[in-house]
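Please find below some notes on the model, arranged as numbered points for you to read alongside the coordinates.

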Amino acid sequence: MAERHKLLLQSPQLQEEKLPRRSAKSSSDCYILSIAALPAFYAASTSAPSNVIDIFDKTTLQGVQTLPGHEVATTSLRAVDGLGGVVQKCLISSGKDGSIKAWDDRSNSHSIKMTDLGKTRPLLCCDVSSDGLTVAAGTDLQGDDALILYWDPRQPATPLRTHGSTHSDDVTALSFAPNKDPSTNHNIILSGSSDGLLCTSNADEDDEDEAAIQVGNWGCSISQAGWIQDDSAAIWAASDMETFSTWRSDLDQLLSLDIRAPVLHNGRTWVTDYLITARSTSTCNPKLSIFTGSNEGDIALLSNMNISVPDAPWCLHKLWTHGHVGVVRDALWDEINQTLVTGGEDGKINVWPIIPIEPDSNNQGDEEEDYEEDPMDVDMASPKGRKREIQTDNERVRVCSLKCELHRLSRS
């Protein structure tokens, strides 16, 4: 039997959407890099030379506004629930012009611009604390310094504090913990870097020597990282070499693998070419939902059957095909509207249906006696031809094998 962590099993409830509900183009025909959701709109940042942020109506997907974005590059885009004591959904972005901007759609400009005393040091990522009173940004490496800068958005002209010893290379990912530390009432921030380190820090600590909490060394350049709403694992991370990992809260590594390794050839074919993003909230299922893409522009939702062990198989839950041409850069799961919003290098933004997965679909009974030693025909080499040429005739989903594997892992 193949290595279990390279098995990709087909969910009995697998769903495929072959066309998006709605589709639109960016105003500049540039790549769409990142997507965020506001109450009535979707926002999408675009690549150079445009660097603008397009605003689309959620209902019609018609373009309604274009914000100027950042000079040189808009590097991240987020929608936050409040900022600076104002409890209102707000759009913020970071850029290589050295600023964080909070946008005001009424004026087509920013309402707050956070800078480092006018310095134009490129900012690569940003996030906002759960109370909206602290904004953090990560810089690129200049000389020997790669910084995490913190602002009070009510005093945007200069940072509150700077942490310069956390990382030794570009700070590429920042994510505040969903809630403050219950024992200290401090904001905890997760950071990832091209130096291969994942770190958790006290974002409220002025003395950076006292700010570090935990450090994990993955040994590869980290491109994305976030928190997992799960009891068995706390953190996920992705590298720019398409590797994926999960970690405990003390940054003890649980899982690390090439996300392209789990492939499916059993009537239906799926082969991952790259990771798009991962998502974890208290309400989504699977708790860690991993979106991957193919070079043809198709998208899959995968999950690992037990993220607390290093060798659990993977499950293919959903496919969205024939909506993009080329690489998909971002995928936003809008749970409230049960939609998936995707953007890619074809300059398109697509809206797809995403029907919720039932919480008990990953544990469906005691069929362990029906387990087969070879539950799936797994070929670790990529198939020839286009991966979206999916064979649907005479599909045989070995449900008992999947149920049994899930049940066995749930007991681990």
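1. In this predicted model, Phe 244 has a relative accessibility of 1%, which places this residue among the buried ones, because buried means under 20% relative accessible area. Trp 314 is likewise buried, with a relative accessible area of 0%.

2. The rings of Phe 244 and Trp 314 pair with their centres 6.3 Å apart and their planes at 75 degrees, so that the arrangement is edge-to-face, the class for planes over 60 degrees apart. This contact links distant parts of the chain, since Phe 244 belongs to strand β21 and Trp 314 to strand β28 (residues 314-320), with the two positions 70 residues apart in numbering. Together with Trp 236, Phe 244 and Trp 314 form one aromatic cluster.

3. The structure holds five aromatic pairs, and another of them joins Phe 291 to Trp 333, whose ring centres lie 6.2 Å apart with planes at 90 degrees, so this pair is edge-to-face as well. Here too distant parts of the chain are linked: Phe 291 sits in strand β26 (residues 289-293) and Trp 333 in strand β29 (residues 328-334), 42 residues apart. Phe 291 counts as buried at 0% relative accessibility, and Trp 333 counts as buried at 7%.

4. Strand β21 (residues 243-247), which carries Phe 244, pairs with β22 in the antiparallel sense over five bridges. Within this pairing, Trp 247 has Gln 253 of β22 as its bridge partner.

5. How are the strands of the surrounding sheet ordered? The sheet is open and has four strands in the order β19-β20-β21-β22, with antiparallel pairing. β19 (222-227) and β22 (253-258) stand at the edges, and because each has a single partner strand, one side of each is left without a neighbour in the sheet. On average, and with direction ignored, neighbouring strands of this sheet are turned by 15 degrees against each other.

6. A separate point concerns the second largest pocket, whose volume is about 530 Å³. The lining of this pocket comprises 22 residues, and those lying nearest its centre are Gln 88, Lys 89, Cys 90, Trp 103 and Asp 104. Two or more lining residues come from each of the elements β6 (63-67), β8 (90-95), β9 (100-104) and β10 (109-114). By class, the lining of the second largest pocket is made up of 14 nonpolar, four polar and four charged residues.

Technical notes: Residues are numbered from 1 along each chain as its sequence is written. This is a predicted model: local features need pLDDT of at least 70, side-chain atom pairs count only at pLDDT 80 or more; totals for chains, interfaces and linings use all residues. Side-chain values use heavy atoms; hydrogens and water are left out. On a 1 Å grid over the protein atoms alone, a cavity is a set of points where a 1.4 Å probe fits but cannot get out, and a pocket is an open set with protein on both sides within 12 Å along at least five of seven lines; lining residues have an atom within 4 Å of a point. Grid points are joined across faces, edges and corners, and a volume is the space filled by probe spheres set on the points. Ala, Val, Leu, Ile, Met, Phe, Trp, Tyr, Cys and Pro count as nonpolar, Asp, Glu, Lys and Arg as charged, and the others, Gly among them, as polar. Two strands pair if DSSP finds at least two bridges between them. Axes are lines fitted to C-alpha atoms, for helices over the stretch in contact, and angles run from 0 to 180 degrees between N-to-C directions. Rings of Phe, Tyr and Trp (its six-membered ring) pair if their centres lie within 6.5 Å; planes under 30 degrees apart count as stacked, over 60 as edge-to-face and the rest as tilted. Buried means under 20% relative accessible area, exposed over 50%, partly exposed in between (1.4 Å probe, protein chains only).
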